[in-house]
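Let's walk through this structure piece by piece. Have the sequence and the 3D view ready, and follow along as we go.

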Amino acid sequence: LETEHAPWIVNWSRAYVKSMKSNSHEMFGQPIAMLCVASTADEDPMRCFEALSSATATSRQSASVRLPKPFQNNQYDSGIRRLYLLINDVTGSQNRVEPDKVLRQMQSTFTAQRCFKIEINSSGDKNDNNYTAKDLWSEHLESWQMRKDKSQKIGQCLSENDVKSLRTFVSTLSKNCLLPAIEQTILSLGKEIKSQTGGFFR
């Protein structure tokens with residue numbers, strides 16, 4: 001949203017969304033996709049992706065890969081579309097894998113259209129980074145009461161290219177993955193409703 005000429009729009013939109021709360025049985029909380037995220041700092045990112053993308057989770061599995069309760073009790077569809085994001089922290093010397101190699105493995109395993117890779121913290125020394133001199137997200141986190149340490153700038157090691165890449169990722173994710181998933185869900189529900197009600201209204 002453009003907030004330069006209407007700074008109130010962000011607070012208004014959040015208040016509006018909060019006022020539209022629905023009951024759990026109405027299923028408006030059903031996720032349309034699941035974003036599985038792993039890091040190049042992980043010892044085996046592919047193993048992380050496979051654990052996170054498990055279609056079902058049982059009590060025998062560790063809590064780290066167990067799906068939330070609505071999925072376990074079949075309230076939500078555990079077969080929702082899964083998307084895969086590999087995060088490469090450029091400043092992290094602890095990276096254990098080659099990002100491009102892992103991305104190719106992801107694309108081979110999960111299909112290329114559902115796999116993404118982004119790089120973060122490319123600016124290196126935060127003191128030399130003029131682009132993010134202003135804290136990028138502090139006002140948003142504070143408005144949601146999510147920020148604890150106000151003395152630390154958030155996103156201060158992101159370069160301008162990092163921010164552009166993040167925006168491109170969100171745009172691509174929304175346009176190519178989330179919107180088609182919503183359309184597919186609407187069509188599926190429409191067919192289901194038509195098949196269930198057709199006999200009553202003929």
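How many disulfides does the structure hold? Zero, where a disulfide means a pair of cysteine sulfur atoms within 2.5 Å. In general, a disulfide is a covalent bond between the sulfur atoms of two cysteines. Take Cys177: its sulfur is 9.5 Å from the closest cysteine sulfur, in Cys115, and that's too far for a bond. Cys177 also counts as buried, because its relative accessibility is 3%; buried means under 20% relative accessible area, exposed over 50%, and partly exposed in between, using a 1.4 Å probe and protein chains only.

A quick word on what you're looking at: this is a predicted model, in which local features need pLDDT of at least 70, side-chain atom pairs count only at pLDDT 80 or more, and totals for chains, interfaces and linings use all residues. Residues are numbered from 1 along each chain as its sequence is written, and side-chain values use heavy atoms, with hydrogens and water left out.

Now find the sheet. Three strands make up an open sheet in the order β1-β2-β3, with parallel pairing. Helices (H or I, at least four residues) and strands (E, at least two) are DSSP runs, numbered from the N terminus. Two strands pair if DSSP finds at least two bridges between them. At the edges stand β1 (33–39) and β3 (115–120), each with a single partner strand, so one side of each has no neighbour in the sheet. On average, neighbouring strands here are turned by 25 degrees against each other, direction ignored.

Let's go bridge by bridge. β1 and β2 pair in the parallel sense over seven bridges, and Ala33 has Arg81 in β2 as its bridge partner. Strand β2 (residues 81–89) pairs with β3, also in the parallel sense, over six bridges. There, Asp89 stands opposite Ile120 in β3.

Which residues of β1 are on its covered face? They are Met34, Cys36 and Ala38, while Ala33, Leu35, Val37 and Ser39 are on the uncovered one. Cys36 counts as buried because its relative accessibility is 2%. Helices lie across the strands too: α2 across β1 and β2, at about 155 degrees to β1, and α4 across β2 and β3, at about 160 degrees to β3. For these angles, axes are lines fitted to C-alpha atoms, for helices over the stretch in contact, and angles run from 0 to 180 degrees between N-to-C directions.

Finally, helix α2 (residues 45–52) and helix α4 (residues 99–110) pack at an angle of about 35 degrees, with axes 10 Å apart. Their contact (heavy atoms within 4.5 Å) involves Pro45, Met46, Phe49 and Glu50 of α2, plus Val102, Gln105, Met106, Thr109 and Phe110 of α4.
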